[in-house]
Amino acid sequence: MILFELQCEHGDRFEAWFRSSADYDVQAAEKRIDCPACGSANVAKAIMAPAVAARTRNAPPAIAAEPATPSPAAPSQPVAAGGPDLAKAMQLMQQIAREVRAKSDYVGPRFAEEARKIHYEEAPARSIYGEASTTEMKELAEEGVGFHPLPPLPEDRN
Ligand SMILES: [Zn+2]
């Protein structure tokens with residue numbers, strides 16, 4: 001038996017068991033699967049959440065530094081793909097990212113410069129966030145300047 005998440009032409013989502021993937025194909029082709037919400041027989045496998053990349057190609061990732069609590073830098077950014085649980089986790093991360101931003105000074109593209117000043121105590125310790133290139137993040141990590149990658153927020157893509 002195999003469980004598929006299906007979606008009708010009106011966007012209703014529901015789950016249905018099939019003997020096999022081929023069994024689903026036959027039933028779908030013969031329009032024998034009805035949407036329990038609206039009765040439509042035009043159903044297809046639901047589109048799963050798209051892969052969520054840790055960074056977009058054009059916008060450099062927003063990152064935050066908190067000099068008070070240095071942590072080991074993570075130069076590689078894990079990428080995840082998945083279902084509703086992942087979407088919830090991403091929402092939670094975005095919530096945290098919003099809080100971090102609210103409590104930090106925005107330094108924009110000068111992030112690497114400002115993070116270094118704080119690290120070398122040339123500037124008062126404070127929380128900052130901004131953008132850094134992959135090269136800058138690598139250099140900061142090598143110098144032991146602590147920072148955390150922040151997940152991109154939907155409003156960043158505007
Ligand atoms: Zn429906």
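**Note on the predicted model: loops, cores and helix α3**

1. Lys-31 is placed in the loop that runs between α1 and β3 (43-45). The model discussed here is a predicted one. Lys-31 follows just after α1 and adopts a positive phi of about 55°, although Lys-31 is not a glycine. Is this residue, Lys-31, buried or exposed? Lys-31 is exposed, because 11 other C-beta atoms lie within 10 Å and the cut-off for an exposed residue is 12 or fewer.

2. The helix that precedes this loop deserves a separate remark. Helix α1 spans residues 21-29 and is hardly covered. Among its nine residues, the count of buried residues is zero.

3. A second non-glycine residue with positive phi should be checked alongside Lys-31. Glu-121 has a phi of about 55° and is not a glycine. Its place is in the loop between α3 and β6. Glu-121 is exposed, since 9 other C-beta atoms lie within 10 Å.

4. Turning to the interior, the largest nonpolar core comprises 13 residues. Phe-111, Ala-112, Ala-115 and Leu-140 are those with the most contacts inside this core. At least two residues of the core are supplied by each of α3 (111-119), β6 (128-131) and α4 (134-143). The largest share, four residues, comes from α3. As general background, nonpolar side chains in soluble globular proteins tend to be buried together.

5. Another core lies apart from the largest one and has five residues. Among them are Leu-6, Ile-33, Cys-35 and Val-43.

6. Ala-112 merits individual attention, as one of the residues with the most contacts inside the largest core. Which residues does Ala-112 touch, once those up to four places away in sequence are not counted? The contacts of Ala-112 are with Ala-132, Glu-136 and Leu-140. Leu-140 is itself listed with Ala-112 among the residues with the most contacts inside the core.

7. His-119 lies in helix α3. How many C-beta neighbours does His-119 have inside 10 Å? The number is 19, and His-119 therefore counts as partly exposed; a buried residue would need 20 or more. His-119 and Glu-143 are 24 residues apart in sequence, while their C-alpha atoms are 9.3 Å apart in space.

8. In summary, two points may be kept in view when the model is inspected. Lys-31 and Glu-121 are exposed, and each has a positive phi of about 55°. Helix α3 supplies the largest share of the 13-residue core, whereas helix α1 has a buried-residue count of zero.

Notes:
Residues are numbered from 1 along each chain as its sequence is written. This is a predicted model: local features need pLDDT of at least 70, side-chain atom pairs count only at pLDDT 80 or more; totals for chains, interfaces and linings use all residues. A nonpolar core is a set of buried Ala, Val, Leu, Ile, Met, Phe, Trp, Tyr and Cys residues joined through C-beta atoms within 7 Å. Two residues are in contact if their C-beta atoms, placed from the backbone, lie within 7 Å.
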